[in-house]
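Let's walk through this one together, beginning with a single strand and its neighbours and then stepping back to the whole chain. Keep the view open as you read.

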Amino acid sequence: MGIRKKSGKRVCRTKALSAVLVIAALLCFLCGGVTVFAEENGANEENVIIGGDVFGTRISTKGVLVVGVTNFVSGGKERSPARDAGICSKDIINSVDGVEIKDSTDLISKIEKSEGKTLEISLTRDGKNMSVNIVPLLSDSDGVYRAGLWVRDSLAGIGTVTFIIPETGEFAGLGHGICDPDTGILMPVSKGSVFSVKLGDIKKGSAGEPGELRGRLAEEKTGSITGNNYCGVCGVLSEIPQGKKSYPVALRNEVKTGKVTVVCTVDSNGPREYAAEIEKICDAEGKIKNFIIKITDERLLDLTGGIVQGMSGSPILQDGKLVGAITHVLIDDPTRGYGIFAQNMLEQIK
């Protein structure tokens, strides 16, 4: 999935950083429920609508993510109140003096209006909640109270829908979580929206240079994002698509090496099926990167060079079942990449 830094802001300033487009294969969806599979007898009655459509997303974080700590000149000396307080990159700031932080602008405002008084910062670090005290200082350059922080509160990008639950419109996609491009931390989602995407050109992949699908998000919202974890993202579509094929979801122990079909969208013609092959089951017990897949279809190779960013989440079919989704490309060989078991993704849907 490609992500765009929608709000990287420096708490030393009132001005937001300009948005920068960063493409990275990402995502996994956490919706709080678990689907129970009858693996002991091989039974599996779960049927889903196959995706393959490209979708866009904008997400806002729960709290703000610290992406860097920096110095500024105060009283003629290089200072960093954030560093002095023990705040680190990858921390998630949740509240100031007991009041929840809505976004980066909210945090900046509280620091600038502090008049140098001590602020109690509640944050999350490595899944643990803690509090620190920070004393903002006046910047010599502009006379504004600063903390010496770079923070981010939102991201945007594109990926591919893997499957849709026909009864509810719930969907899963990407096959890996949306992570911050600077820190690598999984973004804690407060809210998110789904949009259709108008694809433009394709940057063809080559050894050492990952390719990408390029496009822009439409204005009209088509669904919502409800979760993000290392298996991908999940959400609910505004309308359940009609006329698409449904397939049963294969159990993990049913997936095998051999020929498969990948369903993906690389142009305005919508989802198409392409030939591929699962070369190796490399982590049958893991949550992500369960197998290695190779694109063999000359049509797709001519268009993209193999797996490109934006194809993350493309469903993989084998023996009439949904077995998984593409997640990552191998940088040194774009014809190959990793896949995740579809069952792992389905277990994250309510």
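Strands E14 and E15 (residues 170-173) run antiparallel and are joined by three bridges. In this predicted model, one place to look is isoleucine 164, whose bridge partner in E15 is phenylalanine 171. The two strands form a hairpin with five residues between them, and there you will find glycine 169 with a positive phi near 80°.

Now stay with isoleucine 164 and turn to another partner. Isoleucine 164 of E14 is also the bridge partner of isoleucine 49. That brings in strand E4 (residues 47-50), which pairs with E14 in the antiparallel sense over two bridges.

Next, follow E14 to strand E5 (residues 54-69). Eleven bridges join E5 to E14, and these strands run antiparallel. For a landmark, try arginine 58, which has alanine 156 of E14 as its bridge partner.

With these neighbours in place, how many of the residues of strand E14 are buried? The count is 15 of the 16 residues in the stretch 149-164, so E14 is largely enclosed by the rest of the structure. Buried here means under 20% relative accessible area.

Finally, zoom out to the whole protein. It contains four helices and 25 strands, and 52% of its 350 residues count as buried. Taking contacts between residues at least 6 apart in sequence, 71% join residues at least 24 apart. As for the outside, the accessible surface comes to about 15300 Å², with 47% of that belonging to carbon and sulfur atoms.

Definitions and conventions
Residues numbered from 1 in each chain as written. Predicted model: local features only at pLDDT ≥ 70, side-chain atom pairs only at ≥ 80, totals over all residues. Heavy atoms only, no water. Buried < 20%, exposed > 50% of the residue type's maximum accessible area, 1.4 Å probe, protein only. Contact = heavy atoms within 4.5 Å. Areas by Shrake-Rupley, 256 points an atom, 1.4 Å probe, with all protein chains shown as cover. Pairing = 2+ DSSP bridges.
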